[in-house]
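Good morning, and thank you for making time for this presentation. Please have the sequence and the structure open while I speak.

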Amino acid sequence: MPEIELYLLITLMIVGALVAVHTRYLISAVISLAVVGMALAVAFLYMQAPDIAITQIVVEVLALVILIIAVSIGKEVVDIKGKRETLTIGVTALFVVIFALFAYRALADLPPFGSPLMTVSQHYVEEGLKQTGSANLVTSILLDFRAYDTLGEATILFTAILGAFAVLRKIGRKAK
Amino acid sequence: MKNGMTLIVRVIARFVSPMIMVFGIYIILHGHLSPGGGFPGGVIIASAFVLITLSFGKEIAYQKLKESTASAMESVGALIFLILATLGIVFGGWFFLNFLPKGEPLRLISAGFIPLCNIGIGLKVGGGIFAVFLTLILFRLLEKGEGD
């Protein structure tokens, strides 16, 4: 059973996400998204995962700065009214019901919180330091056992940055 | 954005940004010993440059680190990572073979090529994210019509 602090953090995250969806101002939406990210970082710390917590908090701060700059370019929020609004709410409610049904069926088979099934990862825990010589187990998995995943992640980041350069280029842009 | 922020912010930023950079380098170099690694360390270094850009304006930040230099940093980091991975084949093994000696655990120079990989990833992430940030700022100035 997870502790009460974790429930509080999860409630804070849900409230932040709801505010981000419902607020009329883009800047408030961005800041409430940052609340979600910060609460997630604290939750990671609480569950004793400092590697993930450091990454989460640092990326969250930088993403907040970049999103604020992007938001301040200034676009108005468009409202959906009338018949289309009803349709949207209906489709969303249907999707939520179906998702909750499948999620309940899938999550019922999971082991209880805090007691993981150590079948594959137990090998890494036992052999990590011996085989790689890295005292930080997370790094030894990221850069030795699962280095292909890290390569893929680096490729994704590289491609995303290339795309941003291509969209926001200065050379070859048509003058208005 | 062009002229930066007030004197208070500038003084604090001048005081704090070197410390943030040193902390980022520490996170990268000790990635195999303590929590952290190439990715968070790189983002921390990028955030130090972002702090300089926001507080002093883009001209001062441009003197410190140009957009093209940041972009080159990213490519060099990615190349370091790939070359280290390929050297595993050269040394008679497979892709991503940890070919360097493991060394004594809990020392700074240990764990084979993992610290070098961390340095490569740190360069790549730091350079890339700061380059995207600079590009966004330049684009915004361009949209407003006050860019060069």
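I begin with helix α4 of chain B in this predicted model. Its 24 residues should span 34 Å at 1.5 Å a residue, and because the end C-alpha atoms are 34 Å apart, the expected and modelled lengths of α4(B) agree. Which residues of α4(B) are buried? They are E67(B), A70(B), S71(B), M73(B), E74(B), G77(B), A78(B), F81(B), L84(B) and A85(B). On reading such a list, it helps to recall that an α-helix has 3.6 residues a turn, so residues three or four places apart point the same way. After α4(B) comes G92(B), which has a positive phi near 75°.

Let me turn to helix α2 of chain B. Here the 19 residues should span 27 Å at 1.5 Å a residue, and the end C-alpha atoms of α2(B) are indeed 27 Å apart. How many of the 19 residues of α2(B) are buried? The count is 18, and therefore α2(B) is largely enclosed by the rest of the structure. This helix, too, is followed by a glycine with a positive phi: G57(B), near 90°.

Now chain B as a whole. The chain has 5 helices and 0 strands, so that its elements, taken from the N terminus on, read α-α-α-α-α. Along the principal axes, its C-alpha atoms fill a box of roughly 55 × 30 × 20 Å. Of its 148 residues, 45% count as buried. If we take the contacts in chain B between residues at least 6 apart in sequence, 67% of them join residues at least 24 apart.

A word on confidence. The mean pLDDT of chain B is 81, and 92% of its residues score at least 70. Among the elements of chain B, helix α1, residues 7-29, has the highest mean pLDDT, at 90, while helix α3, residues 58-64, has the lowest, at 74. As a general caution, where pLDDT is low, the predicted coordinates should not be read in detail. For the model, the ipTM is 0.79 and the pTM is 0.81.

Next, the contact between the two chains. On the B side, 45 residues are in contact with 35 residues of chain A. Which helices of chain B each supply at least two residues of the side that touches chain A? They are α2 (38-56), α4 (67-90) and α5 (114-144). The most is given by α5(B), with 18 residues. By character, the residues on this side of chain B comprise 28 nonpolar, 12 polar and 5 charged.

I move across to chain A. Its secondary structure amounts to 7 helices and 0 strands, in the order α-α-α-α-α-α-α. Of the 176 residues of chain A, 16% count as buried. Among contacts in chain A with a separation of 6 or more, residues 24 or more positions apart account for 36%. The domain assignment divides chain A into domain 1 (1-78), domain 2 (80-114) and domain 3 (118-176). Between the C-alpha centres of domain 1 and domain 2 of chain A, the distance is 22 Å.

Within chain A, consider helix α3, residues 50-71. Its 22 residues reach 31 Å from the first C-alpha to the last, close to the 32 Å expected at 1.5 Å a residue. Buried in α3(A) are D51(A), A53(A), I54(A), T55(A), Q56(A) and V58(A). What covers the buried residues of α3(A)? The cover includes α2 (26-46) and α6 of chain A, together with α2 of chain B.

One residue of that α6 deserves a closer look. V138(A) is placed in helix α6 of chain A, residues 137-145. Is V138(A) buried or exposed? It counts as buried because it has 20 C-beta neighbours inside 10 Å, and 20 is the number at which a residue qualifies. The C-alpha atom of V138(A) is separated by 9.3 Å from that of I52(A), although the two residues are 86 apart along the chain.

I close with the loop between α2 and α3 of chain A, where Q48(A) lies. Most residues other than glycine have a negative phi. Q48(A), however, has a positive phi of about 60° although it is not a glycine. With 7 C-beta neighbours inside 10 Å, Q48(A) counts as exposed.

Terms used: Residues numbered from 1 in each chain as written. Chains lettered and ligands numbered in written order. Predicted model: local features only at pLDDT ≥ 70, side-chain atom pairs only at ≥ 80, totals over all residues. Contact = placed C-beta atoms within 7 Å. Helix = DSSP H or I, 4+ residues; strand = E, 2+ residues; numbered from the N terminus. Nonpolar A, V, L, I, M, F, W, Y, C, P; charged D, E, K, R; others polar. Domains from an automatic or database assignment. Buried ≥ 20, exposed ≤ 12 C-beta atoms within 10 Å, placed from the backbone. pLDDT = per-residue confidence, 0-100. Expected span 1.5 Å × (residues − 1).
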